[in-house]
Amino acid sequence: MSRKSLLTAGLLATALTAALAPTAQAASGTITRAEYDKVKLGASVAKLTSVAGSGACKKTASDSFPGYSSKTYTCKGNKRGSEAQFFFGNGKLEIKSQAGLDGKESNGKMTKAKYKKITKGKTVAQMHTIAGKGVCVRTADSEAKGAKSAIYTCEQNGSSYGVASFSIGNGKVDGRSQFGLR
């Protein structure tokens, strides 16, 4: 076989392998934050599958009664311990939520004094200003029919461990809790 024939055969084999192999996304069997964000409310199950890949999400619940059917899909996240859930009603995405897809961690500089200043009604920007850069990180969020909510976790590292958690509804603190902050 000539050199040209070997080169052509090698290129053809590479092209066929690439065309027939599953995509890296589908092969990973996980969903990323960017993929989660691409699946908008009102989307179909087919859109979820095309964005996340066929192996990332599994149907974990379904129900139906006259005039309405629902399906819930749970997707393994690409960060340790992360996942996403998608709830479809009559074939359209109505609720989506994720936990841990951002993969960020608090820098550990939360204090009880800062926690006391972050009260209900403060905006997310105000929370970050009071706590400091990198202290509070979004660990979960959800969206349903125009309402958005999120959970921010703020840790205190050092000789004593403490943690604060803030629930955000439509951009403002609507709930908070802490344990062990000093």
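Strands here are DSSP runs of E, at least two residues long, and helices are runs of H or I of at least four, both numbered from the N terminus. The model is predicted, and the exercises below can be worked with the structure open beside you.

**Exercise 1. Place Ser 70 in the fold, and decide whether its side is buried or exposed.**

Step 1. Find the element: Ser 70 belongs to strand β2, which covers residues 68-76.

Step 2. Apply the cut-off for burial, which is under 20% relative accessible area. Ser 70 has 11%, so it counts as buried.

Step 3. Look at what surrounds the residue, skipping neighbours within four places in sequence. Ser 70 then touches Ala 61, Ser 62 and Asp 63, and also Phe 87, Phe 88 and Gly 89.

**Exercise 2. Find out which parts of the model carry low confidence.**

Step 1. Start with the overall score: the average pLDDT of the protein is 86, and 84% of the residues reach at least 70.

Step 2. Turn to residues 1-27, where pLDDT stays under 50. For this stretch the model has nine contacts beyond four places in sequence.

Step 3. Draw the lesson: where pLDDT is low, the predicted coordinates should not be read in detail.

**Exercise 3. Sort residues of helix α4 into buried and exposed, and explain where the buried ones sit.**

Step 1. List the buried positions: in α4, residues 45-52, these are Leu 48, Val 51 and Ala 52.

Step 2. Place them around the axis. Leu 48, Val 51 and Ala 52 span an arc of only 80 degrees, which means they lie on the same side of α4.

Step 3. Recall the geometry behind this: an α-helix has 3.6 residues a turn, so residues three or four places apart point the same way.

Step 4. Check the other side of α4, where Ala 46 and Ser 50 are exposed.

Step 5. Move just past the helix: Gly 53 follows α4 and adopts a positive phi of about 90 degrees.

**Exercise 4. Trace the salt-bridge network that includes Arg 138.**

Step 1. Begin with the total: the whole structure holds five salt bridges.

Step 2. Take one of them, between the side chains of Arg 33 and Asp 37, with N to O at 3.1 Å. Both residues are in helix α3 (residues 33-38), four residues apart, or about one turn of the helix.

Step 3. Compare their surroundings. Arg 33 is buried at 14% relative accessibility, while Asp 37 is partly exposed at 32%.

Step 4. Now take Asp 102 and Arg 138, whose side chains meet in a salt bridge of 2.9 Å, N to O. Asp 102 sits in the loop between β4 (92-99) and α5 (112-117), and Arg 138 in strand β5 (residues 136-144), so this pair ties together parts that are 36 residues apart in sequence.

Step 5. Add the accessibilities: Asp 102 is buried at 17%, and Arg 138 is partly exposed at 30%.

Step 6. Notice that Arg 138 also bridges to Asp 141, with closest N and O atoms 3.4 Å apart. Asp 141 is buried, its relative accessible area being 12%.

Step 7. Put the pieces together: through shared partners, salt bridges join Arg 33, Asp 37, Asp 102, Arg 138 and Asp 141 into one network.

**Exercise 5. Identify the disulfides, give their handedness, and state how the cysteines are paired.**

Step 1. Remember what you are looking for: a disulfide is a covalent bond between the sulfur atoms of two cysteines. A search of the whole structure finds two disulfides.

Step 2. Examine Cys 57 and Cys 75, whose sulfur atoms lie 2.0 Å apart. With 105 degrees about the S-S bond, their link is right-handed. It connects distant parts of the chain, 18 residues apart: Cys 57 in strand β1 (residues 57-65) and Cys 75 in strand β2.

Step 3. Check their burial: Cys 57 is buried at 15% relative accessibility, and Cys 75 is buried at 1%.

Step 4. Examine Cys 136 and Cys 154, which are joined with S to S at 2.0 Å. Here the angle about the S-S bond is 110 degrees, and the link of Cys 136 and Cys 154 is right-handed. Cys 136 lies in strand β5 and Cys 154 in strand β6 (residues 147-156), so to speak distant parts of the chain, 18 residues apart.

Step 5. Check burial again: Cys 136 is buried at 4%, and Cys 154 is buried at 0%.

Step 6. Number the bonded cysteines in sequence order, and the pairing reads 1-2, 3-4.

Definitions and conventions:
Residues numbered from 1 in each chain as written. Heavy atoms only, no water. Buried < 20%, exposed > 50% of the residue type's maximum accessible area, 1.4 Å probe, protein only. Arc of directions from axis to C-beta. Contact = heavy atoms within 4.5 Å. pLDDT = per-residue confidence, 0-100. Salt bridge = Lys/Arg side-chain N within 4 Å of Asp/Glu carboxyl O. Disulfide = S-S within 2.5 Å.
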